[in-house]
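Hello,

Here is the structure I promised to pass on to you. Have a look at it first, and then read my notes underneath.

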Amino acid sequence: MKTNSNVKLRKIGRRFMIVADSDNETSKTHVYELNESAARLWQMMSGKDLSADELTECFCEEFDVAKDVAHADIERQLEEWKRFGLIE
C-alpha cells in the first residue's frame, strides 16, 4: 500500500489532517482528521509501498503494542483509507 500522490499530511497546531484534492481541483478538497497513531502510520507509508505486515513491524518497533492488536488496527485503518481513495 502507498499513499495517493494527491493527498498530503498536515499538522495544524496539535492536530493532524490529511488533505485530499479530488481530481486536482481545489474546489473539491476533502480534509480528514487523524489521531497521533494514524498520523504516524501515514508518515511511515509516505513515499513507500509497504504491506500491512511491514507496517505492523515498523509500528511495533516504535510503540508498545501487541503485534496482533497493531495488525488488526492497521488493517482496519488501511481499509478505511482505501475506501476514501487516500491510498492505492
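Below are my notes on the charged pairs, a charged patch and two buried residues.

Please keep in mind from the start that this is a predicted model.

**Salt bridges**

Side chains of opposite charge can pair when their charged atoms come close. How many salt bridges does the structure hold? The count is four, and I will take you through some of them.

A good place to begin is Arg 15, which pairs with Glu 33; the closest N and O atoms of this salt bridge are 3.0 Å apart. Arg 15 belongs to strand S2 (residues 15–21) and Glu 33 to strand S3 (residues 29–34), so this salt bridge ties together parts that are 18 residues apart in sequence. Both partners are partly exposed: Arg 15 has a relative accessibility of 47%, and Glu 33 has a relative accessible area of 48%.

Another salt bridge joins the side chains of Glu 62 and Arg 40, with 2.7 Å from N to O. Here the link runs between helices: Glu 62 sits in helix H2 and Arg 40 in helix H1 (residues 36–45), so parts that are 22 residues apart in sequence are tied together. Glu 62 counts as partly exposed at 43% relative accessibility, and Arg 40 is partly exposed as well, with a relative accessible area of 25%.

Asp 73 and Arg 76 also meet through their side chains in a salt bridge, at 2.4 Å from N to O. Both of these residues are found in helix H3, three residues apart, which is about one turn of the helix. Asp 73 is partly exposed, its relative accessible area being 38%, whereas Arg 76 counts as exposed at 53% relative accessibility.

**A negative patch**

Next, please turn to the surface. Which residues form the negative patch there? They are Asp 49, Asp 53, Glu 54, Glu 75, Glu 79 and Glu 88. Helix H2 (52–62) and helix H3 (67–83) are the elements that give two or more residues to this patch.

Glu 54 is one of the patch residues, and its place is in helix H2. Is Glu 54 buried, partly exposed or exposed? With a relative accessible area of 40%, Glu 54 is partly exposed. To be in a patch, a residue needs over 30% relative accessible area and no salt bridge.

**Two buried residues**

Ala 70 lies in helix H3 and counts as buried, because its relative accessibility is 3% and buried means under 20%. Leaving aside residues up to four places away in sequence, Ala 70 touches Thr 56, Phe 59, Cys 60 and Val 65. Asp 53, a member of the negative patch, is 17 residues from Ala 70 in sequence, and their C-alpha atoms are 9.8 Å apart in space.

Thr 3 is found in the segment before strand S1 (7–12). At 16% relative accessibility, Thr 3 counts as buried too. What does Thr 3 touch, if residues up to four places away in sequence are not counted? Its contacts are Trp 42, Met 45, Ser 46, Gly 47, Leu 86 and Ile 87.

If you would like one place to start in the viewer, try helix H3: the Asp 73 and Arg 76 pair is there, and so is buried Ala 70.

Happy exploring, and best wishes!

Methods. Residues are numbered from 1 along each chain as its sequence is written. This is a predicted model: local features need pLDDT of at least 70, side-chain atom pairs count only at pLDDT 80 or more; totals for chains, interfaces and linings use all residues. Side-chain values use heavy atoms; hydrogens and water are left out. Patches are made of residues with over 30% relative accessible area and no salt bridge: like charges are joined within 9 Å, nonpolar side chains (Val, Leu, Ile, Met, Phe, Trp, Tyr) within 5 Å. Accessible areas come from the Shrake-Rupley method with a 1.4 Å probe; for residues, only the protein chains shown count as cover. Lys and Arg count as positive and Asp and Glu as negative; His and the chain ends are not counted. The place of a charge is taken as NZ of Lys, CZ of Arg, CG of Asp or CD of Glu. Helices (H or I, at least four residues) and strands (E, at least two) are DSSP runs, numbered from the N terminus. Buried means under 20% relative accessible area, exposed over 50%, partly exposed in between (1.4 Å probe, protein chains only). Contact means heavy atoms within 4.5 Å.
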